[in-house]
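Hello,

Here is the structure I promised to pass on. My notes on it follow below.

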Amino acid sequence: MTARTLVWYRGNDLRVSDHRPLSDAAQSGSVVPVFVLDPHFFAVKPPRRGAHRMQFLIESLVELNQNLARLGSKLIVVSGKTVEVIPRLARQWNVDRVVAQRVTEPLAREWEERIARLLSVPLILLEGETLLPPRTLRTGAGTPYLVFTPFARAFAKVADEVGSPLLAPRKLPPLPSALSVSETLAIPSLAELGISANRHLHSGGETAAKRRLQSFLRTTLADYAEGRDRMDLPGTSRLSADLSLGTISVRTVWDAVCRCRAAPRAVRSLDAFRNELIWREFAHSTLWDRPELLEAPFRKDFLDFPWRKDDGDWDAWVQGTTGYPVVDAAARQLLTEGWVHNRARMVAASFLTKHLMIDFRLGEKHYLEQLVDADCASNNMGWQWSAGCGCDAQPYFRIFNPLVQGERFDPDGQYVRRWVPELAKLPAKYIHRPAAAPGAVRLAASVVMGKTYPEPRVDHVAARSRFLQIAESHINKARANADS
DNA sequence: TGAAATGTTGGGGCG
DNA sequence: ACGCCCCAACATTTC
């Protein structure tokens with residue numbers, strides 16, 4: 001009952017509510033909560049996360065520290081390499097065990113293996129990043145699921161194992177007084193990190209996360225089934241960053257939705273949202289079983305795919321100057337807000353990989369750097385799905401028409417108007433296809449193709465048939481090689 | 001968690 | 001009254 005526990009906060013768990021390591025430690029003696037500010041966060045090598053996520057991280061750490069202080073403790077922030085710092089502190093502070101939340105990300109798993117070897121006390125990993133531990137769901141043959149629908153059915157059968165969220169500990173013991181904390185830092189400010197504050201970002205921290213959840217349940221969830229696809233409306237939960245940094249636990253979200261007393265017409269919406277959470281489970285489960293997916297396509301016939309290298313196309317896609325309004329809106333929203341509507345992510349990813357034929361891994365890396373909600377597993381699954389090479393991906397010949405997607409899911413053009421203001425004065429009829437607008441309409445809207453807004457970088461029909469032809473021939477070739 | 005091409009059907013205009 | 005054409009509207013298939 002007098003054990004001393006180091007609670008190792010890893011960045012996917014920045015909360016005190018429903019935090020199994022913290023609750024577990026609080027029941028068994030003294031608690032030392034630690035977060036390591038690792039130079040890896042600032043490194044250039046993937047999977048680096050960028051400034052948007054760093055702002056959300058810092059805000060979340062500040063609040064985590066406040067919440068721990070309210071309970072009688074505090075967050076100790078130490079700078080250095082995680083794999084060195086945690087074992088050293090465990091030794092220095094003479095802790096009896098280290099407890100942390102399990103992480104899906106392969107690099108984090110490598111770190112925890114190295115740390116476990118260096119520690120002379122147990123490293124205990126507890127669940128919380130996902131609703132169910134990876135490897136819970138297996139097909140009849142004992143293999144991982146390759147298709148979402150059967151995975152979701154299997155999930156439904158054991159969904160009651162998710163359980164109820166834990167309350168935050170009522171009180172935490174103060175930090176042991178003998179503890180040397182000479183090397184601990186104040187949580188650095190953004191300015192100290194050389195990052196200028198971005199007012200477009202949602203605020204981090206546990207309180208903001210709970211507010212977002214409540215507002216979603218109250219105002220958005222009932223119409224989620226249709227609303228989630230509308231790029232121009234706030235029809236989604238906006239909880240992705242919170243789930244990724246763990247300012248709210250996915251179990252808390254799941255539980256809250258299951259407790260919702262839904263009007264009959266809203267049942268479809270509840271199911272649709274739960275389905276999205278199960279997609280997240282599927283992504284984590286898949287990456288857990290196949291960490292190599294961060295490097296290579298799942299489908300073997302996509303190895304050596306003839307992706308194009310074209311700096312001009314790449315820059316246009318990154319900056320939002322492809323001449324396709326929805327694609328450009330998505331690019332600019334990403335750079336500005338560190339968040340993109342899911343429908344726009346799909347259209348942008350499809351455009352990069354199919355119309356421009358650029359390697360999905362470049363897009364995946366760019367998204368990981370820019371997104372606040374940068375989650376390796378979901379990001380990788382999304383990109384491999386879009387490129388058509390993932391597990392349960394859409395077939396390669398399923399190619400989004402960015403114009404049609406815009407007209408269907410941004411019918412008045414408000415999404416485009418917000419992010420591509422040079423088109424704002426175009427009427428809804430032409431806003432998704434400015435190149436097709438009559439000259440007088442463009443003139444009235446002050447749009448000059450090639451001047452105020454770029455000509456479409458590729459022709460949709462031509463790009464579509466180029467991809468179909470190359471993909472089909474490559475896949476046939478790969479299949480023939482595999483047979484022989 | 002597509003889109004485009006192609007096929008089918010059925011109502012209405014018209015000779 | 002009838003066949004013919006046109007063409008939505010919907011269904012199926014192909015990429």
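How many Å separate the centres of domain 1 and domain 2? Taken over C-alpha atoms, the answer is 25 Å.

Some background before the rest. This is a predicted model, in which local features need pLDDT of at least 70 and side-chain atom pairs count only at pLDDT 80 or more, while totals for chains, interfaces and linings use all residues. Residues are numbered from 1 along each chain as its sequence is written, and chains are lettered from A and ligands numbered from 1 in the order in which they are written.

Chain A has domain 1 (1-128), domain 2 (130-164 + 206-289) and domain 3 (300-483), with bounds from an automatic or database domain assignment. Between domain 1 and domain 2, 16 residues of the former are in contact with 15 of the latter (C-beta atoms, placed from the backbone, within 7 Å).

Helices H3 (residues 82-92) and H4 (residues 106-118) are DSSP runs of H or I, at least four residues, numbered from the N terminus. Their axes, lines fitted to C-alpha atoms over the stretch in contact, with angles from 0 to 180 degrees between N-to-C directions, come within 9 Å and cross at roughly 30 degrees. H3 and H4 are therefore roughly parallel (angles under 35 degrees). In H3, Thr82, Val83, Ile86 and Pro87 meet Trp111, Arg114, Ile115 and Leu118 of H4.

Around DNA strand B (C-beta atom, placed from the backbone, within 6 Å of it) are residues including Phe148, Glu276, Trp279 and Arg398. Helix H10 (267-289) and helix H16 (402-409) each give two or more residues to that surface.

Best wishes

Note on methods. Contact = placed C-beta atoms within 7 Å. Parallel < 35°, antiparallel > 145°, perpendicular 65-115°, else oblique.
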